[in-house]
Amino acid sequence: MNNRQLFLQHVAQTSDAPLALEIVKAEGMYMWDVNGKKFLDLIAGISVCNVGHCHPAVVKAIQDQAQQYMHLLVYGEFVQSPQVAYAQALTKHLPENLDCVYFTNSGAEAVEGAMKLAKRFTGRTEIAAFNRSYHGSTQGALSILGDEYWRNAYRPLLPGIQHLEYNNYASLELITTNTAAVFAESVQAEGGVIVPQLEWLHALRAKCNATGTLLVLDEIQCGLGRNGTLWAFEQLGITPDILLLGKALGGGMPLGAFISSHNIMWSLTNSPVLGHITTFGGHPVNCAAGLAGFNALLEADLIKDVKRKGELFHQHLQHPAIKAVRSLGLMMAVELENFAVNKKTIDYCIENGVLTDWFLFAPECMRIAPPLIITDEEIIHACKVICEGLDKL
Ligand SMILES: Cc1ncc(COP(=O)(O)O)c(C=O)c1O
């Protein structure tokens with residue numbers, strides 16, 4: 001059997017039609033498959049590789065840290081300098097109330113930790129979240145995920161969950177003094193890039209303040225520069241009580257985080273002690289990689305060009321088959337007629353060396369979320385290939 005057959009036989013599948021490209025090398029904006037075919041990456045491993053694949057500073061940080069130490073002990077017992085340095089760097093760029101970082105292995109685990117923290121801190125049990133939001137695939141995260149098709153097969157899920165409508169004022173009435181936390185994506189990604197209305201978002205913040213509910217912003221997909229500011233909430237004019245990060249946080253290695261105030265986070269230390277435990281969360285190699293990626297993002301000032309690059313995509317994505325392009329920075333959804341049209345175009349793009357895909361809750365939309373290092377020439381080329389694909393429909 002060849003590698004592809006072995007993959008299908010022995011690696012658990014979650015779809016009957018995986019892309020199944022066999023990639024042997026990735027660098028910067030590109031990936032190469034086993035036959036030497038080159039792909040321009042328009043999705044960055046789903047918003048992970050913000051500084052590009054295998055950034056040399058990230059690779060070096062991994063090598064250096066692996067030579068010093070890897071796993072030592074479960075989370076939180078030892079002073080591990082890569083964790084300390086990264087927590088310090090992140091909090092230096094965050095508002096004062098977000099000064100304490102709990103590192104996890106993944107985005108979903110950051111969501112789980114934040115759900116527990118909110119319950120523990122407020123003494124309440126109800127949680128609210130939004131329709132068309134994605135927060136992860138573990139059972140707590142799935143309970144708040146905003147689409148019944150994906151939840152239904154796994155019931156019973158957590159009780160006490162309210163699903164609200166994003167950008168809808170009436171929904172805010174469902175937030176009460178029984179609500180421990182509201183979980184919201186700063187920009188809804190898998191819903192097909194839904195940007196919040198600022199006034200509504202401010203009303204959400206005000207409602208949380210009035211009811212003593214913690215506002216949790218999930219920036220696992222949109223954080224770390226993708227929307228044109230380091231944190232999406234900066235340009236939205238509100239500050240969360242808990243911030244969730246993941247994906248790009250590890251510079252290509254697995255790392256997530258929930259970040260809050262020292263005061264709120266302290267609830268995890270007592271009654272019971274060890275309120276949230278992880279063996280590998282904040283792995284020193286991953287924190288070293290993440291910090292190197294974070295520094296590379298800031299040092300190259302990649303964020304300052306994000307909005308302009310987004311505009312360039314808009315300028316070159318002109319085609320009668322495109323119904324709308326929704327975006328904030330380099331997080332874009334190209335809306336087409338339906339999934340069949342989208343899939344046919346995506347297949348054409350991949351065939352022609354441009355890697356893209358669709359959104360979980362918006363299958364009619366093509367995803368464009370490239371590494372932030374993408375050049376103007378690469379943007380123009382990618383748009384040309386997409387439009388050629390649309391011509392061939
Ligand atoms: C907004 C958002 N939250 C949470 C998650 C879950 O992250 P992970 O897949 O690392 O568990 C994702 C993953 O796509 C996401 O997009």
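Start by selecting E378 in this predicted model, then add M29 and L40: E378 touches both of them, leaving aside residues up to four places away in sequence. Now show the C-alpha atoms of E378 and M29. They sit 349 residues apart along the chain, but 8.9 Å separates them in space.

Where does E378 sit? Color residues 376-391 and you'll have helix α14, the home of E378. Is E378 buried or exposed? With 20 other C-beta atoms within 10 Å, E378 is buried, because a residue counts as buried once 20 or more lie within that distance.

**Next stop: α3 and α11**

Hide what you have and select residues 56-68, which form helix α3, along with residues 284-299, which form helix α11. Turn the view until you can see both axes. They come within 8 Å of each other and cross at roughly 150°. How do the two helices run relative to each other? Angles over 145 degrees count as roughly antiparallel, so α3 and α11 are roughly antiparallel. The crossing of α3 past α11 is right-handed.

Want to see where they meet? Show side chains for A57, V58, A61, I62, Q65 and A66 on α3. On α11, pick out P284, V285, A288, A289, L291, A292, G293, N295 and A296. Color this contact by class and you get twelve nonpolar residues, three polar ones and no charged ones.

**Keep α11, swap its partner**

Leave α11 on screen and bring up helix α4, residues 81-92. Here the axes again come within 8 Å, and they cross at roughly 35°. Which hand does the crossing of α4 and α11 have? It is left-handed.

For the contact itself, select P82, Q83, A85, Y86 and A89 of α4. Facing them from α11 are P284, C287, A288, G290, L291 and F294. By class, the contact of α4 with α11 has nine nonpolar residues, two polar ones and no charged ones.

While you're here, look again at P284, A288 and L291 of α11: they take part in the contact with α3 and in the contact with α4.

**Last stop: the ligand**

Now click on the ligand and show the 15 residues around it. Which of them come nearest? Look for G107, A108, G136, I220 and Q221. Then color helix α5, residues 107-122: this helix gives the largest share of the shell, three residues. Finally, color the shell by class. Six of its residues are nonpolar, seven are polar and two are charged.

How values were computed:
Residues numbered from 1 in each chain as written. Predicted model: local features only at pLDDT ≥ 70, side-chain atom pairs only at ≥ 80, totals over all residues. Near = placed C-beta within 6 Å. Helix = DSSP H or I, 4+ residues; strand = E, 2+ residues; numbered from the N terminus. Nonpolar A, V, L, I, M, F, W, Y, C, P; charged D, E, K, R; others polar. Buried ≥ 20, exposed ≤ 12 C-beta atoms within 10 Å, placed from the backbone. Contact = placed C-beta atoms within 7 Å. Axes fitted to C-alpha atoms, helices over the stretch in contact; angles between N-to-C directions. Parallel < 35°, antiparallel > 145°, perpendicular 65-115°, else oblique. Left-handed = near helix turned anticlockwise from the far one by under 90°.
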